[in-house]
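Dear colleague,

Please find below the structure that I am handing over to you, together with its sequence. My notes on what was found in it come after the display.

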Amino acid sequence: MAQIIDGKRISQEIKDELREKVASLKAEGKEAALAVIQVGCDPASSVYVNNKKKACAYIGIESLSYELPEETTEAELLALIDKLNNDNAVNGILVQLPVPAHINEDKIIQAISPEKDVDGFHPENVGKLVIGEEGFVSCTPAGIIQLLKRSDIEISGKNCVVIGRSNIVGKPMALLMLRENATVTIAHSKTQNLKELCKNADILIVAIGKPQYITAEYVKEGAVVIDVGIHRDAANKLCGDVKYDEVFPVASAITPVPGGVGPMTIAMLMNNCVASMSR
Ligand code: NAD
């Protein structure tokens with residue numbers, strides 16, 4: 001029987017710790033504000049943005065909301081980021097992605113001051129992660145490290161396979177596992193023999209973006225399986241990249257969808273905001 005890694009409980013635990021930390025920082029006269037920018041009104045983005053604002057309110061951080069119309073130009077968005085970069089009252093800036101197609105996403109990411117880049121997407125913060133310096137780390141992979149550690153899962157010396165090489169999940173995930181002394185393999189769309197590769201993994205982290213792609217055939221008996229995917233199945237129920245019912249009896253520990261990796265992303269965003277508040 002696999003241990004179910006409870007992201008809901010662990011994320012709540014982290015938010016409660018942060019809430020206490022914010023209260024004591026406030027007692028020292030330190031304040032925090034997160035600027036949350038959304039361009040256009042994509043319904044999924046609006047849900048994410050609202051959840052982030054709610055989390056801010058819970059832990060005691062002020063959120064400053066900028067809801068810009070779809071037709072906002074790149075220059076206007078860059079001007080707002082510049083203003084917030086120079087505003088001492090703002091310690092975190094978040095632009096909800098994706099931005100509309102007429103805006104260059106890379107340009108936006110690079111415009112945010114690395115000291116306020118609570119998403120951890122700026123090349124300077126990514127570079128710090130590569131060379132092992134302290135900086136903001138992308139929230140979903142950072143949350144997965146917390147899930148493993150707080151579930152007492154040993155990482156050091158383990159074979160870890162990360163499926164996916166995106167800039168926000170796969171690559172930073174692999175680097176964080178390396179930092180924790182795992183032996184790391186990154187698999188991607190051009191990888192051959194994916195099944196054999198995955199069968200070697202003690203820890204399998206799946207960020208492939210394909211509903212229920214990973215079946216029991218990919219999983220070694222007793223492996224730890226972390227499912228990053230979020231999708232809706234034919235019955236409109238949430239599901240992940242892993243075929244949960246099939247993999248559950250094979251794994252020693254597994255994250256459910258929902259209630260696994262998902263809630264950790266916002267908890268780690270709050271963690272980054274508090275880190276920037278204490279600096
Ligand atoms: P992405 O589409 O950018 O990346 C998918 C990766 O999978 C790519 O690097 C690709 O090379 C690899 N891939 C595709 N097909 C493959 C195959 N057949 N074999 C091996 N590798 C293959 O996606 P992403 O942004 O990294 O997100 C991955 C999943 O995680 C998505 O389902 C996304 O919705 C979800 N996600 C969840 C959270 C969260 O908070 N839970 C956060 C970010 C992303």
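The notes below go through the sheets, the helices, the ligand site and some backbone features in turn. Please bear in mind throughout that this is a predicted model.

**The open sheet**

An open sheet is built from three strands, in the order 3-2-4, and their pairing is parallel. Strand 3 (62–68) and strand 4 (92–95) are its edge strands, each of them pairing on one side only. From one strand to the next, the twist averages 15°. Strand 2 covers residues 33–39 and is joined to strand 3 by seven bridges in the parallel sense. Within this pairing, Val39 has Leu68 of strand 3 opposite it. Helix 2, made up of residues 43–59, lies across strand 2, strand 3 and strand 4, and its direction is at about 170° to that of strand 2.

**Strand 7 and its partners**

Strand 7 (203–206) pairs with two other strands. With strand 5 it forms four bridges in the parallel sense, and here Cys160 stands opposite Ile203 of strand 7. Strand 8, residues 224–227, also runs parallel to strand 7 and is joined to it by four bridges. In that pairing, Ile226 of strand 8 is the bridge partner of Ile205.

Which way do the side chains of strand 7 point, and are they buried or exposed? Ile203 and Ile205 point one way, Leu204 and Val206 point the other way, and all are buried.

**Helix 7**

Helix 7 spans residues 170–179, and its buried residues are Gly170, Pro172, Met173, Ala174, Leu176 and Met177. In an α-helix there are 3.6 residues a turn, so residues three or four places apart point the same way. What covers the buried residues of helix 7? The cover includes two helices, helix 5 (123–131) and helix 6 (139–150), as well as strand 5 (159–163), strand 6 (183–187) and strand 7.

**Two helix residues, one exposed and one buried**

Glu20 is part of helix 1, which runs over residues 7–27. Its relative accessible area is 62%, so Glu20 counts as exposed, the cut-off being over 50%. The C-alpha atom of Glu20 is 7.8 Å from that of Ile59, although 39 residues separate the two along the chain.

Ser276 belongs to helix 10, residues 262–278. With a relative accessible area of 9%, Ser276 falls under the 20% cut-off and is therefore buried. Apart from neighbours within four places in sequence, the residues in contact with Ser276 are Asn91, Gly92, Glu115 and Phe136.

**The ligand site**

There are 23 residues around the ligand, and those that come nearest are Arg165, Ser166, His188, Lys210 and Thr265. Thr265 places a polar side-chain atom 2.7 Å from an oxygen atom of the ligand. Another ligand oxygen contact involves the backbone of Val228, where an N or O atom lies at 3.3 Å. The side chain of Tyr213 has an N or O atom 3.4 Å from a nitrogen atom of the ligand. On its own, the ligand has 860 Å² of accessible area, of which the protein covers 73%.

**Backbone features to look at**

Most residues other than glycine have a negative phi, and most peptide bonds are trans. The places below depart from those patterns.

- Leu97 and Pro98 are joined by a cis peptide bond, with omega about 0°. Pro98 is in the loop that lies between strand 4 and helix 4 (105–111).
- Val257 and Pro258 are likewise joined by a cis peptide bond, with omega about 0°. The loop that holds Pro258 is between strand 11 (253–254) and helix 10.
- Asn181 is not a glycine, yet its phi is positive, at about 70°. This residue comes just after helix 7, in the loop between helix 7 and strand 6.
- Asn236, also not a glycine, has a positive phi of about 65°. Asn236 is in the loop between strand 9 (231–232) and strand 10 (238–239). Its relative accessible area of 51% is over the 50% cut-off, so Asn236 is exposed.

With kind regards

How values were computed:
Residues numbered from 1 in each chain as written. Predicted model: local features only at pLDDT ≥ 70, side-chain atom pairs only at ≥ 80, totals over all residues. Heavy atoms only, no water. Buried < 20%, exposed > 50% of the residue type's maximum accessible area, 1.4 Å probe, protein only. Contact = heavy atoms within 4.5 Å. Pairing = 2+ DSSP bridges. Axes fitted to C-alpha atoms, helices over the stretch in contact; angles between N-to-C directions. Near = heavy atom within 4 Å. Polar contact = N/O pair within 3.5 Å; in protein donor to acceptor, adjacent residues only side chain to side chain. Areas by Shrake-Rupley, 256 points an atom, 1.4 Å probe, with all protein chains shown as cover.
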